[in-house]
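Welcome! Take a moment to look over the sequence and the 3D view, and then we can walk through them together.

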Amino acid sequence: MKFSVFTASTPEWTPEEAVKQLAGQGWDGIEWRITDQGDAPEPGFWAGNKATVPLTGMEENLDRIAALTTGAGLEFSGIGGYARCDNHADVDRMLAATAKLGAGQVRVTTPPLGTAAWGNEPASGTPYPELFAAARLDFEWIAERAAHHGVKALVELHHRTITASASSALRLLDGLDPRHVGVIHDLGNLLIEGQEDYLPAFELLGDYLAHVHVKNAVWVDSGGTDESGAAIFKNEWAPLRSGQGSVLQYFKALAAFGYDGWVTVEDFSTELPLAERTAGNLDYLRATAALAGLPVPAGRR
C-alpha cells in the first residue's frame, strides 16, 4: 500500500512547495488537481488553489509537473481531473495527459443529479434515468479512448451525482473493460450519501475497485428547523481522527478484500496548519494501516 496527497487539499503550496513538503514528510506520491478555477483573495481548496494545474494550457505544463514529481522522488497516484464524461474533448485531453505523465489513471466526473445545483449551475431537472443512460454511452466511449491511450478512467463515488454509491458506479461500468475503467471508493464522500457496508461494497466492485480516497466528515445540527419544526443537519469535513468514519474499520475491510493499491488523502479540515496536518495524517495512516493488517512499506523517512 502506498500513500499520496491530492493537491486540492494543499492550496497554500505552489507545486514546487507541494513536492518538497510531501517528499520531505515521507509520502509516496502525489495526485495533481487539474482544472480551471476562480480567483480568490486567499488560497482555498476550490478557488485560488496554488497547487492546481490549469486545464487551459495544461499540455504546456506537463513536462514541468513530471520533472517536479519525479525530481522529488514522488510517484503519481493518479490525476485529479474534473472533465465531465459528456465533455469528450476535455476527457480525451485528460486521458492523453495522464498517459504522457505516466500517471496511469485519471478521474472523470459524472453528472450531478437533476435535483442538485452544481458549481454556478442550477439543478437541471433531468430525470435520473436520462442522466444515467447518457453517461453509460459516454463511458462506453471513454473506455475505448482510455484503452487507446493505455490508461484507466476513474469514476469517483460522490454525493449529489449519479454515482454516489458502489452499486450505482458498478451499474454504470458493468461490462466495460476494468483494465481501462474503474472506481474511486471514498470514505468521506460516502458519509454524506451512498454509504454501503465497506467489505460488501469492495466485493461488489471487484476488479473495478481501482483507487481509494480517504477523508472524513461529520453531521452537525445546523441550529435551524424545517417547515415541520424538525432539526436540520448539515455535513462538515473533519480531521481523519475525529470524523464519523472509522479509518481503522475501513482499512480492515480493505485488508480483508486484499486491496494493496494507492490510498490518497484529501483532508479538507482546517483545524491544523497545512504542514502539520499532512505530516500528522501520514503518521496516522501508516499506524492505522498496520493495525488493520495492511502491508505498509517502511516509508521514505
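## Contacts along the chain

Let us begin with how the chain meets itself in this predicted model. Among contacts in the protein chain with a separation of 6 or more, 76% are made by residues 24 or more positions apart. Of the 301 residues in the chain, 52% count as buried.

## Overall build

How many helices and strands does the protein chain have? The secondary structure comes to 9 helices and 11 strands. The radius of gyration is 19 Å, close to the 19 Å that the globule rule gives for 301 residues, so the chain is as compact as a globular protein of that length. Along the principal axes, the C-alpha atoms fill a box of roughly 55 × 45 × 45 Å.

Turning to the surface, the accessible area of the protein chain comes to about 12700 Å², and carbon and sulfur atoms hold 52% of it. The chain carries 23 positive and 39 negative charges, and the mean positions of these two groups are 5 Å apart.

## Helix H9

Helix H9 covers residues 274-292. At 1.5 Å a residue, its 19 residues should span 27 Å, and the end C-alpha atoms are 26 Å apart, which agrees. Just after H9 comes glycine 293, with a positive phi near 90 degrees.

Which residues of H9 are buried? They are Leu274, Arg277, Thr278, Asn281, Leu282, Tyr284, Leu285, Arg286, Thr288, Ala289 and Ala292. A helix rule is handy when you look at such a list: an α-helix has 3.6 residues a turn, so residues three or four places apart point the same way. The cover over the buried residues of H9 includes strand S1 (2-6), helix H1 (15-25), strand S8 (209-214), helix H8 (247-257) and strand S11 (262-265).

## Two places at H9 and before it

Alanine 290 belongs to helix H9. With a relative accessible area of 48%, alanine 290 is partly exposed. Its C-alpha atom and that of leucine 248 are separated by 9.5 Å, although the two residues are 42 residues apart along the chain.

Threonine 270 sits in the loop between S11 and H9. Is threonine 270 buried or exposed? It counts as exposed, because its relative accessibility is 58% and the cut-off for exposed is over 50%. Setting aside neighbours within four places in sequence, threonine 270 is in contact with Phe45 and Arg277; the second of these, Arg277, is among the buried residues of H9. Between the C-alpha atoms of threonine 270 and alanine 290, which are 20 residues apart along the chain, there are 26 Å.

## Helix H5 and the loop before it

Helix H5 (166-173) follows strand S6 (152-156), with a loop between them. H5 is mostly covered, as 6 of its 8 residues are buried. These are Ala166, Ser168, Ala169, Leu170, Leu172 and Leu173. Their cover includes H4, S6, strand S7 (181-186) and helix H7 (198-205). After H5 comes glycine 175, whose phi is positive, near 95 degrees.

The loop between S6 and H5 holds arginine 160. Most residues other than glycine have a negative phi. Arginine 160, however, has a positive phi, near 65 degrees. At 34% relative accessibility, arginine 160 counts as partly exposed.

## Two alanines to find

Where is alanine 147? It is in helix H4, which runs over residues 128-149. Alanine 147 counts as partly exposed, at 36% relative accessibility. From alanine 147 to phenylalanine 257 there are 110 residues in sequence and 26 Å in space, C-alpha to C-alpha.

Alanine 72 lies in a loop, between helix H2 (58-71) and strand S4 (75-81). Its relative accessibility is 22%, so alanine 72 counts as partly exposed, the cut-off for buried being under 20%. Alanine 72 and glutamate 16 are 56 residues apart in sequence, yet their C-alpha atoms are 9.3 Å apart in space.

Definitions and conventions. Residues numbered from 1 in each chain as written. Predicted model: local features only at pLDDT ≥ 70, side-chain atom pairs only at ≥ 80, totals over all residues. Heavy atoms only, no water. Helix = DSSP H or I, 4+ residues; strand = E, 2+ residues; numbered from the N terminus. Rg over C-alpha atoms; globule rule 2.2 N^0.38 Å. Buried < 20%, exposed > 50% of the residue type's maximum accessible area, 1.4 Å probe, protein only. Contact = heavy atoms within 4.5 Å. Areas by Shrake-Rupley, 256 points an atom, 1.4 Å probe, with all protein chains shown as cover. Lys, Arg positive; Asp, Glu negative; His and termini not counted. Charge placed at Lys NZ, Arg CZ, Asp CG, Glu CD. Expected span 1.5 Å × (residues − 1).
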